[in-house]
Amino acid sequence: MKTHPILRIIAKNTFTLFNLVNLILALMVAFVGSYKNMLFILVAIANTLISIINEIRAYKIVKKMRLIAEQKPTVIRNGKTFQVLSEEIEKGDIVVLSLGDQILYDSVVEEGTIEVNEAFITGEQDSIEKRQGDTLISGSFVVAGTAKAKVLKIGEENTIAKLEKEAHHLKTADSKLFALMNKIVKYISYTLIPIGALLLWSRFRTESDTTTAITSTVAALINMIPEGLILLTSSVLALATIRLSRKKVLVQDLYSIETLARVDTICLDKTGTLTSGNMVVNDFVLPDGTSFEKITSTMTPAEKSLLRPLNAILSTQMAENATTTALKKALAKSPKFEEIKGITDVIPFSSERKCSGFRTKDAEYLMGAIEFITDDKEVIKQVKSHAGDYRVIAVVKNQEFLGCIRLKDEIRKNAPEIIKYFYDNDIAPKVISGDDLETVKKIAATVGIKDLKGVDLSLEKDLNYAKLVKNYSIFTRVKPDQKQSLIKALRKAGGTVAMTGDGVNDILAMKEADCSIAIGEGSDAARRSAKLVLLDSDFSRVPSIIDEGRQSINNLERSTSLFLAKTVYAGILAVIFVLAPLSYPFSPIEMSLLSFACIGFPGLALALEKNTARIKDKFIYNIEHYSVPTGIAVAASMVVLSIIAGINNFDRSKLTTLSAIIVFAIDYFLIYKISRPLNLFRGLLMALIAIIFLGALFIPFTQQLFEFTLAW
């Protein structure tokens, strides 16, 4: 039975190894009646609740945004046609499918013909034609045509649901930070039980009473657990998701925030990214080179021979895209043409063919990229000469050139500013497009792309992708599977690659990329495939996503030194006090205070501070440079203090008070080191940390609570 997402969030954060360890340690302290030393369990509960609340908030916001972003499928139910949410589709519904739609449920074609891509399911890249009676697999997407399909299975009966459950072929989130943290947690888990058992045995040998033996063992083990670190990380990423939602960015994969922060290469699809996706017809060009902009009632035979089949092709294409929309708008006020009769076969547009059209008994009419609809090199050369700054769509009849249409792409106003941001932040932009090379290069130059070395993949015989990505930054006439291969080559070369897109031709590449970003106005399948969706289709949001990720990762890497310093000295002390007959210098309640004042509170505050510096992967550096020296300093100080305490017969209260003061002083210096250079925020944080600890040390009530003594 499928568990509700909120219940999964609660379970994931509640039923953890360290929460179990905390519970066992709390029961040990309760067993000896030292109830105030159970304060650490309240800190663990608070950490868990904060993490649960943040994740549930993020989940609810993401769910709400998904409902806003989701394109409602058109269904026919009981003879009535209406739109519903995807989750409201029922078995037996007839779903209307067209270019760009993702097939959500296993279905069977009832009417029409479509081409689907099942690469996500089968691994095969070729488009597959589906006619009446053919089965459609959930998870595939429509790349051409329109059809009506009857839903056969819903829920967990679906092919895609079963595959996701098995999860063998799905690409997992690539989180370097979580991978390192989980590795640390794993190693601590392996050592916690044997060290705890040995320490408890050692304390019973050294201490004079059971209560002291158990509480000192519990204090040692609590110190070894960096539980707040994992919870802090999930909370910070959840809060980043909430902040991005206010900027109309839908985060469909929590770890994608971290991934995008590490990106060093971003692949941009020209249409919908560098350009707005809106196009306007500039003019019509005839085979003799003459052009005209306006369509009048007194058209020449040559003009009619271009416009009549163009109009007929558009009338056969049920699916809309930016090109067909612009062409239909230009032809809207034209006089009625005599219909071309006897159409036997419609050729829907697909990114693979890069053309559309129809066939009659005697002829084939095609509209699209000239290289894909004729083999005549002279005609191809002629059409390319008309390109200039325009996108050119040609029309042929039986490969005879009838003319072409020049369209203007609307460049996004903020595109140059965004490209500059990428260069300023060491992110290399690459342009991948299905359009003509010269057209794309001119748009790339306009928006500020510096490296204009480009290649037309339709002219390349030996597609050595590793060599191509090394030598070029602009790739044109690219087919969907070639986009995927380019992304794969970039990743294989060691890059962390992001891919933006809006159409079905981008989906394979988006799935291959480390991080995928879909334009909100794009196809349904593209939005569902992406890890991040720009709901308002504003590409200028991308820098803010990168900055958000950098803030989260940079600050978390800095905060780790606080958590791991405690783990380092706790591990060293645990081993030493197993072997040495010395009194353990901490009690659980004092460690709860130090954990909050010197680790949890400053760690959270520093993790939320504005910090958009480039990612330097300082996790290991923090351990080596900050955590290990601090841990060694605390451990050495505690050993010396325990020896002095034994020689001078310090009572338990005096030993633990001095220990808390020394640990606070060392931790406070560590907080200062990782906070440099101090600003107003960090200065106030340092002051507040001092007030918290000194208040606990000098206020009579807290003195008694934390077993501090100043009577020396």
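## Strand β21, a covered strand

Strand β21 is mostly covered in this predicted model: five of its five residues are buried. Its side chains split between two directions, with C515, I517 and I519 pointing one way and S516 and A518 pointing the other. Residues on both sides are buried. This fits a general pattern, since side chains in a regular strand alternate between the two faces of the sheet.

What does β21 pair with? Four bridges join β21 to β20, and these two strands run parallel. If you would like a landmark for this pairing, look at G501, whose bridge partner in β21 is A518.

## The sheet around it

β21 belongs to an open sheet of eight strands with mixed pairing. Reading across, the order is β8-β22-β21-β20-β9-β17-β19-β18. Which strands form the edges? They are β8 (249-251) and β18 (454-456), each of which pairs on one side only. From one strand to the next, the twist averages 20°.

Strand β20 (residues 497-501) also has a parallel partner in β9 (residues 265-269), and three bridges join the two. Here C267 is a handy residue to find on screen: its bridge partner in β20 is M499. Helix α20 (residues 541-579) packs on the sheet and touches β8, β9, β21 (515-519) and β22 (532-534). The direction of α20 makes about 145° with that of β22.

## Salt bridges

How many salt bridges does the structure hold? There are 22. One of them brings together the side chains of K12 and E55, at 2.8 Å from N to O. This pair links distant parts of the chain, with K12 in helix α1 (residues 5-14) and E55 in helix α3 (residues 39-69), 43 residues apart. The two ends sit in unlike surroundings: K12 has a relative accessible area of 48% and is partly exposed, while E55, at 10%, counts as buried because the cut-off for buried is under 20%.

Another salt bridge joins the side chains of E90 and R77, at 3.8 Å from N to O. E90 lies in the loop between β2 (80-83) and β3 (94-97), and R77 lies in strand β1 (residues 74-77), so the pair ties together parts that are 13 residues apart in sequence. Is each partner buried or exposed? E90 is partly exposed at 42% relative accessibility, whereas R77 is buried, with a relative accessible area of 18%.

## A pair and a network

The side chains of R131 and E129 also meet in a salt bridge, at 2.9 Å from N to O. R131 is partly exposed, with a relative accessible area of 42%, and E129 is partly exposed with a value of 42% as well.

Elsewhere, salt bridges that share partners join E371, K384, D436 and R477 into one network. Displaying these four side chains together is a simple way to view the network.

## A nonpolar patch

Which residues make the nonpolar surface patch? L17, L20, L23, I24 and L27 do, and the patch covers about 470 Å². L17 is placed in helix α2 (residues 17-31). With 43% relative accessibility, L17 counts as partly exposed, because that class lies between the 20% limit for buried and the 50% limit for exposed.

Notes. Residues are numbered from 1 along each chain as its sequence is written. This is a predicted model: local features need pLDDT of at least 70, side-chain atom pairs count only at pLDDT 80 or more; totals for chains, interfaces and linings use all residues. Side-chain values use heavy atoms; hydrogens and water are left out. Patches are made of residues with over 30% relative accessible area and no salt bridge: like charges are joined within 9 Å, nonpolar side chains (Val, Leu, Ile, Met, Phe, Trp, Tyr) within 5 Å. Accessible areas come from the Shrake-Rupley method with a 1.4 Å probe; for residues, only the protein chains shown count as cover. Buried means under 20% relative accessible area, exposed over 50%, partly exposed in between (1.4 Å probe, protein chains only). Two strands pair if DSSP finds at least two bridges between them. Axes are lines fitted to C-alpha atoms, for helices over the stretch in contact, and angles run from 0 to 180 degrees between N-to-C directions. Contact means heavy atoms within 4.5 Å.
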